[in-house]
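Biologist: I would like a close look at one part of this model, the place where its chains meet. Please take it step by step and keep to what can be read from the coordinates.

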Amino acid sequence: MTADAQLNVLKLKPKDFASSQDVRWCPGCGDYAILNQVRRICAKIGQTRENTVFISGIGCSSRFPYYMETYGMHSIHGRAPAFASGVKLANPDLDVWQVTGDGDGLSIGGNHLLHVLRRNFNIKILLFNNRIYGLTKGQYSPTSEEGKKTKSSPMGAIDMPLSPLSVALAAEASFVARAIDVDKNLGDVLERAAMHEGSAFVEIYQDCNVFNHHAFEYATNKDSKEDHILRLEHGKPMIFGKDKDKGIWLDGNRKPRVVELGKGIQADDLLFHDEHDESLSFLLSRMTYPEFPEPMGVFYQIEDECYENLLQKQVDDAIAAKGKPDLQALFSSGDIFEVK
Amino acid sequence: MAASSNTEVLESNKPTEELASAVIRFAGDSGDGMQLAGTQFTDTSAIFGNDVATLPDFPAEIRAPAGTVAGVSGFQINFAASDIHTPGDEVNALIAMNPAAFKAHIDDVQQGGIIVVNEDEYSKINLRKAGYPEDYNPLDDEKYETKYRITKVPITRLNQEALAESGMGAKEINRCKNMFALGLIYWLYQRPIDTTVKYLEDYFGKKKHLPAVAEANVKTLKAGYFFGETTEMFPVRFHVARAPVDPGRYRKIGGNEATAMGFATAAQLASKTLVYCSYPITPATDVLHSLAAMRNFGVKTFQAEDEIAAMCSAIGVSFAGQLGVTGTSGPGLALKSEALNLAMMMELPVVIINVQRGGPSTGLPTKTEQSDLLQALYGRNGDSPLVVIAAQSPGDCFDTAIEATRLAIKYMVPVVMLTDGYIGNGAEPWRIPEASELKPIEVKHPVHEEGKVFQPYSRDENLARPWAIPGTKGLQHRLGGLEKGHISGNVSYDFENHQFMTDLRRMKIEKVAQDVPDLHVHGEETGDLLLVGWGGTYGSILTATDRARAAGKKVACIHLRHLNPMPKNLGKILKNYKQVLVPELNTGQLRLILRGKFLVDARGLNKVAGKPFLVEEIEQAIEIMLAGKLGDREYLTPRLHKVDLDDQDIDLSKFGINAARI
């Protein structure tokens with residue numbers, strides 16, 4: 001066998017990342033599609049089972065670690081970023097993934113999300129956004145649309161929903177992307193996230209077919225979705241539509257507008273995507289259906305130092321400067337007096 | 001005792017009075033540098049060879065309005081020619097830098113005690129700020145003049161004059177006056193000044209690059225010292241001889257510092273990286289500060305975004321195979337409780353240190369209390385047993401931190417280590433241990449065995465489950481807060497399994513008792529009264545017991561370090577005495593447990609006044625108990641430094657509240 005062929009034999013397949021546990025999500029849940037893609041990407045990029053850790057909080061999505069044949073922790077509600085941070089503090093070499101939802105990640109755990117992102121721990125954060133509390137059987141979430149009627153909001157939710165991506169960008173995330181559970185772009189986005197060195201935040205539109213079915217119908221319906229989503233490509237003009245006949249154009253007030261191509265506007269006139277442009281990424285994060293097509297793909301990506309490496313460097317530098325750890329020297333710091 | 005280096009300023013023509021011990025207190029505005037003066041006096045006395053015990057006391061506000069009683073900061077030192085265990089009951093000498101300090105502390109000074117006041121600060125405006133009535137100056141009050149030996153020293157002016165040539169501004173000069181006061185007190189108690197001179201030169205001169213400030217402070221320190229000698233104000237000086245202590249090398253150590261060193265040491269004994277995850281909270285923050293300065297010992301510190309994240313990240317550290325520790329105080333422990341419960345369920349080794357403070361709620365952040373015992377033992381949902389141990393003195397925090405780590409790793413269990421504001425901020429001489437003599441902490445990480453399915457909830461002889469860490473091939477497993485199936489660790493909703501696992505978690509903690517040494521009774525094996533203490537009250541209980549025994553009373557005491565599980569011989573000891581008294585700085589938390597667990601008629605001495613027990617208060621409670629005067633009362637409370645049977649009922653009318661007496 002050639003070396004390549006040998007490597008192929010050794011290389012894990014997606015099913016090798018499946019644990020022995022039965023998957024218990026509702027039949028038809030969007031989580032299944034995400035689980036399959038994650039397993040596929042783990043295999044594709046050559047991650048090992050023993051070096052991979054999945055950490056979640058509480059909620060439907062947070063059952064995820066049980067279904068991966070890796071190390072995992074199904075922790076407590078909202079706190080997964082803190083557990084994941086601890087894992088990276090202890091062992092920066094592990095591949096750490098965090099799975100969360102719109103309630104777990106943005107409501108009870110909103111604070112931790114901000115801080116794990118700004119510190120830029122090398123953690124992949126997958127936020128399954130189904131715009132509903134599913135595990136507790138259907139209450140409105142921080143991403144539920146205004147006026148949403150649920151069992152806890154019979155007259156309509158009066159909370160203003162937030163944009164997970166705007167939050168992530170404001171929290172200084174170094175990688176921000178969006179994908180859809182059943183769309184072809186999910187695999188690409190996950191792979192990009194996995195390869196990113198730093199906190200990677202991925203919002204995944206996920207259908208809760210029991211309590212919020214069709215929440216993302218506009219973005220998933222085969223016949224019409226291309227008119228409602230904008231597939232981002234770095235360095236390319238922002239063109240969308242089933243017939244690729246529409247685009248995003250910036251008007252004189254730097255406001256984005258949907259324009260039709262051909263009628264005096266060429267592709268070169270459109271906005272071009274630049275993954276490294278912070279203000280552009282924020283502008284994209286504010287574009288919502290139905291006024292705009294909703295952007296999909298990588299919004300923002302920059303290179304930055306990771307917290308766990310910076311901390312390790314401080315330890316290494318301190319040891320280099322002051323010499324190897326010696327307990328006796330530690331005990332003897334300060335003024336000593338001797339009794340004979 | 002090796003000769004301490006003397007300085008030329010020690011020569012004196014004044015007569016000396018020999019003392020067995022002395023309690024002095026520096027008090028002033030929180031900006032007056034009283035904590036520095038106090039710690040310098042402590043360092044000097046420890047290095048001189050006295051036994052020392054300290055009690056810093058500072059306001060919760062960093063800068064409360066200057067000159068007010070709320071803004072008074074104090075530092076008490078007991079230094080002795082013999083073994084001592086408390087910072088002392090009555091103050092022998094008070095240094096009051098302003099009227100507010102005088103007002104706040106005068107009642108603690110013994111009759112005939114020395115009071116040195118900075119008379120420059122007793123202006124009309126400062127007297128008003130201190131809340132004294134118009135046209136009243138306590139220095140002119142005959143009642144004080146007859147009761148105390150008050151010496152009025154114009155410290156502000158003398159300090160200014162000493163530093164007139166320094167070239168510094170009036171404000172900077174004024175900041176040095178604590179050193180003038182310290183110099184004067186050094187002279188009064190015949191202390192060498194060189195330790196402080198060296199400190200000032202190192203701190204201001206080398207560290208802060210302010211040699212002029214260092215020079216000025218040294219100058220006024222000496223000026224204060226010479227002033228004592230030259231002036232006729234002090235007819236006599238005092239001397240406290242060195243204490244006879246075991247030979248060895250010593251240093252002064254603070255409780256929080258000892259805790260930090262203990263964990264750094266424990267990590268090395270276990271060949272682990274210590275990752276200390278914490279959120280700043282009084283009075284535990286100094287543990288974070290100390291450890292943050294130990295990067296070169298391989299220590300990582302993580303200042304988390306909140307208490308919850310600090311707990312969770314520490315658990316993440318332990319899951320990944322290093323030593324995760326978090327530290328906090330009462331309100332922080334409340335926030336950590338859900339995650340702590342998860343660590344109990346996942347059976348991971350993690351240590352939580354709680355430097356207890358006055359509660360409930362925000363309570364008295366800078367004052368000491370022992371009122372988190374029940375929270376530590378039971379403050380979680382469900383049946384959630386874990387190990388709880390408590391340190392008894394500043395130096396003991398070191399050993400307790402190591403023991404907490406050892407138990408956590410051996411039994412795969414979270415351990416709560418309790419200290420308190422008093423021992424955390426307090427200091428004592430500490431015999432430096434030999435690093436090579438410390439016992440390593442055994443750590444076992446399983447590896448994959450071919451053909452064998454890994455069972456994350458299998459058990460060893462101690463009922464500990466295996467600590468399999470990410471990165472180990474073939475041992476992939478998932479942990480979580482849902483009930484675990486025995487052996488497999490898979491999620492289980494089986495009722496029988498839940499009963500079994502709940503029992504097993506309890507039995508595992510009971511198993512820890514095999515590592516808990518039998519209690520040692522201080523005193524006779526049987527007798528009329530047994531005192532039972534835990535944590536930071538050790539010194540005062542021991543001292544009170546010794547005094548009662550010296551007076552021929554059949555009193556003994558035991559001190560609990562292990563609150564869960566408790567020592568195996570505790571139940572038996574409790575039955576060997578006619579009465580049991582449990583002094584605690586809470587309303588009776590250990591007492592509740594002892595009564596519930598051992599069906600013993602334990603009575604309490606309970607105080608929540610922000611301060612440790614005075615020895616005298618415990619002595620008085622002992623007297624009342626032995627005289628059989630307690631009757632059916634379950635507990636006593638000292639009021640205004642006194643335990644009086646007539647002053648036990650709470651009379652709300654004293655506070656203007658018209659309520660029927662209970």
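Biologist: What is the area buried between chain B and chain A, and what percentage of it do carbon and sulfur atoms give?

Modeller: Bear in mind that this is a predicted model. The area buried between chain B and chain A comes to about 5,600 Å², and carbon and sulfur atoms give 63% of that area. The size of an interface is often given in this way, as the accessible area lost when the parts come together.

In terms of residues, 71 from chain B are in contact with 59 from chain A. There are two salt bridges between chain B and chain A. One of them links B:Arg478 to A:Glu69, with 3.3 Å between the closest N and O atoms. Polar contacts between chain B and chain A involve 25 residue pairs, counting those in which both residues have pLDDT 80 or more. On the side of chain B that touches chain A, the largest share comes from helix H12 (residues 307–319) of chain B, with eight residues. By residue type, that side of chain B divides into 41 nonpolar, 18 polar and 12 charged residues.

The chains also meet through strands. Strands of a sheet pair through backbone hydrogen bonds, either parallel or antiparallel. Strand S12 (residues 336–339) of chain A runs antiparallel to strand S9 (residues 248–254) of chain B, and four bridges join the two. Within this pair, A:Ile336 stands opposite B:Arg251 of S9(B).

A further link is an open sheet of nine strands, ordered S7(A)-S11(A)-S5(A)-S6(A)-S4(A)-S3(A)-S1(A)-S2(A)-S17(B), with mixed pairing. Its edge strands are S7 (229–231) of chain A and S17 (478–480) of chain B, each of which pairs on one side only. From one strand to the next, the twist averages 20°. Inside the sheet, strand S1 (residues 52–56) of chain A pairs with strand S3 (residues 95–101) of chain A in the parallel sense, over five bridges. There A:Ile55 stands opposite A:Gln98 in S3(A).

Two helices of chain A that pack on this sheet can be added. Helix H5 (residues 110–119) of chain A touches strand S4 (123–129) and strand S6 (200–205) of chain A, and the direction of H5 makes about 145° with that of S4(A). Helix H7 (residues 185–195) of chain A touches S3, S4, strand S5 (175–180), S6, S7 and strand S11 (294–301) of chain A. The direction of H7 makes about 160° with that of S5(A).

Chain B also has an open sheet of seven strands, in the order S11-S10-S12-S13-S15-S14-S20, again with mixed pairing. Strand S11 (300–303) and S20 of chain B are the edge strands, each pairing on one side only. In this sheet too, the twist averages 20° from one strand to the next. Strand S14 (residues 387–390) of chain B pairs with S20(B) in the antiparallel sense over two bridges, and the bridge partner of B:Val388 in S20(B) is B:Asn564. The peptide bond from B:Asn564 to B:Pro565 is cis, with omega near -5°. B:Pro565 lies in the loop between strand S20 (562–564) and helix H19 (570–574) of chain B.

Note on methods. Residues are numbered from 1 along each chain as its sequence is written. Chains are lettered from A and ligands numbered from 1 in the order in which they are written. This is a predicted model: local features need pLDDT of at least 70, side-chain atom pairs count only at pLDDT 80 or more; totals for chains, interfaces and linings use all residues. Side-chain values use heavy atoms; hydrogens and water are left out. Two strands pair if DSSP finds at least two bridges between them. Axes are lines fitted to C-alpha atoms, for helices over the stretch in contact, and angles run from 0 to 180 degrees between N-to-C directions. Contact means heavy atoms within 4.5 Å. Buried area is the accessible area (1.4 Å probe) that two parts lose on being put together, summed over both. A salt bridge is a side-chain nitrogen of Lys or Arg within 4 Å of a carboxyl oxygen of Asp or Glu. A polar contact is a pair of N or O atoms within 3.5 Å; within protein, one must be able to donate a hydrogen and the other to accept it, and residues adjacent in sequence count only if both atoms are side-chain atoms. Ala, Val, Leu, Ile, Met, Phe, Trp, Tyr, Cys and Pro count as nonpolar, Asp, Glu, Lys and Arg as charged, and the others, Gly among them, as polar.
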